[in-house]
Amino acid sequence: MELSIPSEGSSWRCGQCGNLTRFDVTRSRTVTEYWHFTLAGDRDISELVVRSEAVQDVRCRWCGSSDSIEVVARPEAEGTVPAQP
């Protein structure tokens, strides 16, 4: 099963226990960073560009399942007004 990182309108859900909030995520990233070193040798990363990113594994922190994780629509927050077209 190929999983993607949820967008603003979606989230992960464990189909086994119903967890919506706690996951262990293993992912790989290729990035380009701009490193600036002070004369004392301290490093500062002031720019980061993600070139590629892949989710390798998502595991439910509550029940440990990794084969029941799905991307679902994020529920509306209580007390919010839906956007008008």
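**View 1. A nonpolar patch sits on the surface of this predicted model.** Six residues form the patch: Val 31, Trp 35, Phe 37, Ile 45, Leu 48 and Val 50, which together have about 500 Å² of accessible area. Areas like this come from the Shrake-Rupley method with a 1.4 Å probe, and for residues, only the protein chains shown count as cover. To join a patch, a residue needs over 30% relative accessible area and no salt bridge; nonpolar side chains (Val, Leu, Ile, Met, Phe, Trp, Tyr) are linked within 5 Å, and like charges within 9 Å. A salt bridge, by the way, is a side-chain nitrogen of Lys or Arg within 4 Å of a carboxyl oxygen of Asp or Glu. Strand S2 (23-37) and strand S3 (43-60) each chip in at least two of the patch residues.

**View 2. Here's Ile 45, a patch member in strand S3.** Is Ile 45 buried, partly exposed or exposed? With a relative accessible area of 34%, Ile 45 is partly exposed, since buried means under 20%, exposed means over 50%, and partly exposed is in between (1.4 Å probe, protein chains only).

**View 3. Now for the largest nonpolar core, with eight residues.** They are Leu 3, Trp 12, Cys 14, Phe 23, Val 55, Val 58, Cys 60 and Ile 69. Strands S1 (10-14) and S3 are the elements giving two or more residues to this core, and S3 provides the largest share, three residues. A core like this is a set of buried Ala, Val, Leu, Ile, Met, Phe, Trp, Tyr and Cys residues joined through side-chain atoms within 4.5 Å.

**View 4. Zoom in on Phe 23 and its contacts.** Leaving out residues up to four places away in sequence, Phe 23 touches Trp 12, Arg 13, Cys 14, Val 58, Arg 59, Cys 60, Arg 61 and Ile 69. A contact means heavy atoms within 4.5 Å.

**View 5. Glu 76 turns up in the segment after strand S4 (69-73).** Glu 76 counts as exposed, at 63% relative accessibility. Glu 76 and Gly 9 are 67 residues apart in sequence, yet 9.3 Å apart in space, C-alpha to C-alpha.

**Notes for all views.** The protein has zero helices and four strands; helices (H or I, at least four residues) and strands (E, at least two) are DSSP runs, numbered from the N terminus. Residues are numbered from 1 along each chain as its sequence is written, and side-chain values use heavy atoms, with hydrogens and water left out. As this is a predicted model, local features need pLDDT of at least 70 and side-chain atom pairs count only at pLDDT 80 or more, while totals for chains, interfaces and linings use all residues.
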